[in-house]
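Work through the following exercises with the sequence and the model beside you, and try each task before you read its solution.

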Amino acid sequence: MLKGIAGKTAIVTGAAGGIGAAAVRRLHAEGANVVAVDINQAGVDALATELGDRVLAIGADVTSPEDTAKFFATTVEKFGSVDMFYANAGVESRVLTVADFDINDFEKVFAVNVLSAFLGASAAMRQMATQPERGKIVFTASIAGLKGDAGVGVYVASKHAVIGMSKSLMKEAGPQGIRVNVVAPGVVDTRMMRPLEEGLAGLAGIDVETFKGAMSAAVPMGRYAEPEEIAATAAWLLSDEVPYMHGEVVTVGGGLWP
Ligand SMILES: NC(=O)c1ccc[n+]([C@@H]2O[C@H](COP(=O)([O-])OP(=O)(O)OC[C@H]3O[C@@H](n4cnc5c(N)ncnc54)[C@H](O)[C@@H]3O)[C@@H](O)[C@H]2O)c1
C-alpha cells in the first residue's frame, strides 16, 4: 500500500477515460474516497457501480468554471476535504500541420487541456489552503509537453502550457505545504491514440498498422504503456511516499524521453 492515501479524498478528472479510470481504480484500491469527474456521465457512473460507495461519479465539463466550482463543493460536502487532485482530462488535436491548422480544434484543445488545468488547480489551491494537512496536485501532461512532432503542434503547445503552469504553481504551492507534480506519459494504449495513429499514419503516407509498429519500435521498451502504468506513477506522486518531490515532471515513456 502507498502511504498517505487510505482514508483521504481524491478528485480525478477525465475519469471515464483510459488513464483516468485506471487512476480511480488504483486510488480506490489504496483506500481513498474518489470523486470521478468526466463529461461522459455514463462512463463515471459505470465506475461507481463497479467500485462501490467510496466512489462518487460526477458528470461535469472541466472547461466550465461553474462545473469546476460545483464538483469541488460537492466533494467537500460529501467527504470533507480534497487531499489529492489529479487533473488528467485531456483531448487529442486533429493531425494537421501548423500551416493547415484549424482554429476550432485549437480552441477546443486549449480549453480541455489548459484552461481546465488552470481552473482545477485554482480551485484545489483555494480548498487545500483551508485544510490543516494541505494536499497534493498532479497534472497529466505528456512527453509532447517536452518536445515537438510534425502534425500535432496544437496538442504539443497545450501540453507545454500545462508544464509551464505547473512550474509557476509549484513556487506558489510549496510555501503553503501543497505538493505539485506532473506525470508525462509517452504513448499509452487508450482511445486517444486511435485517431492520432490514423492521422499520423496518413501524414506519413503509410497504413495504420505499419505506423503502430514503427511507433512501438521507437520506444526503447518496444511497446505502448498500459494506462495502469501511468496511474501507478500518478498515485505514487499523490501519496506520502515521495514527500520531497515537488515541481517534478516525471516522464513515463518506456525510454521514449529524452
Ligand atoms: N494516450 C496517450 O498516449 C497519452 C499520452 C500522453 C498524455 N496523455 C494524456 O493523458 C490524459 C488522459 O488521456 P487518455 O489517454 O486516458 O485518453 P481518453 O480519451 O481515454 O480519456 C480522456 C477523458 O477525458 C474526458 N474529457 C474530455 N473532455 C472533457 C471535458 N471537457 N470535461 C470533462 N472530461 C472531459 C473524456 O470524456 C475522456 O474520458 C490526457 O490529458 C492526455 O492528453 C495521453
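**Exercise 1. The shell around the ligand**

Find which residues come nearest to the ligand, and sort the shell by class.

Solution. Begin by collecting the residues near the ligand, where near means that the C-beta atom, placed from the backbone, lies within 6 Å of it. There are 27 residues around the ligand, and those that come nearest are Gly 14, Gly 17, Gly 18, Gly 90 and Thr 190. Next, sort the shell by class, counting Ala, Val, Leu, Ile, Met, Phe, Trp, Tyr, Cys and Pro as nonpolar, Asp, Glu, Lys and Arg as charged, and the others, Gly among them, as polar; this gives 12 nonpolar, 12 polar and three charged residues. Finally, ask which element supplies the largest share: helix H1 (residues 18-29) does, with three residues, helices (H or I, at least four residues) and strands (E, at least two) being DSSP runs numbered from the N terminus.

Two remarks apply to every exercise. This is a predicted model, in which local features need pLDDT of at least 70 and side-chain atom pairs count only at pLDDT 80 or more, while totals for chains, interfaces and linings use all residues. Residues are numbered from 1 along each chain as its sequence is written.

**Exercise 2. The nonpolar core**

Determine how many residues the largest nonpolar core has, and which helix gives the most to it.

Solution. A residue is buried if 20 or more other C-beta atoms lie within 10 Å of its own, exposed if 12 or fewer, and partly exposed in between, with C-beta atoms placed from the backbone. A nonpolar core is then a set of buried Ala, Val, Leu, Ile, Met, Phe, Trp, Tyr and Cys residues joined through C-beta atoms within 7 Å. The largest such core has 72 residues, and among those with the most contacts inside it are Val 12, Ala 23 and Tyr 86. Helix H4 (residues 103-128) gives the most to this core, namely nine residues. As a last step, look at Val 12, which touches residues including Gly 20, Leu 27, Val 34 and Asn 88, when those up to four places away in sequence are not counted; such contact requires C-beta atoms, placed from the backbone, within 7 Å.

**Exercise 3. Two helices and a glycine**

Describe how the axes of helices H3 and H4 cross, and decide whether Gly 120 is buried or exposed.

Solution. Two packed helices are described by the angle between their axes and the distance between the axes. The axes of H3 (residues 65-79) and H4 come within 10 Å and cross at roughly 35 degrees. On the H3 side the contact is made by Pro 65, Thr 68, Ala 69, Phe 72 and Val 76, and on the H4 side by Leu 119, Gly 120, Ala 123 and Gln 127; they divide into six nonpolar, three polar and no charged residues. Gly 120 is buried, because 24 other C-beta atoms lie within 10 Å. Beyond its neighbours within four places in sequence, Gly 120 is in contact with Thr 13, Val 62, Thr 68, Phe 85 and Ala 87.

**Exercise 4. Unusual backbone geometry**

Find what sets Arg 134 apart in phi, and which form the peptide bond from Trp 257 to Pro 258 has.

Solution. Most residues other than glycine have a negative phi, and most peptide bonds are trans. Arg 134, although not a glycine, has a positive phi of about 55 degrees, and its place is in the loop between H4 and strand E5 (135-140). Arg 134 counts as partly exposed, because it has 17 C-beta neighbours inside 10 Å. The bond from Trp 257 to Pro 258 is cis, with omega near 5 degrees, and Pro 258 lies in the segment after strand E7 (249-252).

How values were computed: Contact = placed C-beta atoms within 7 Å. Axes fitted to C-alpha atoms, helices over the stretch in contact; angles between N-to-C directions.
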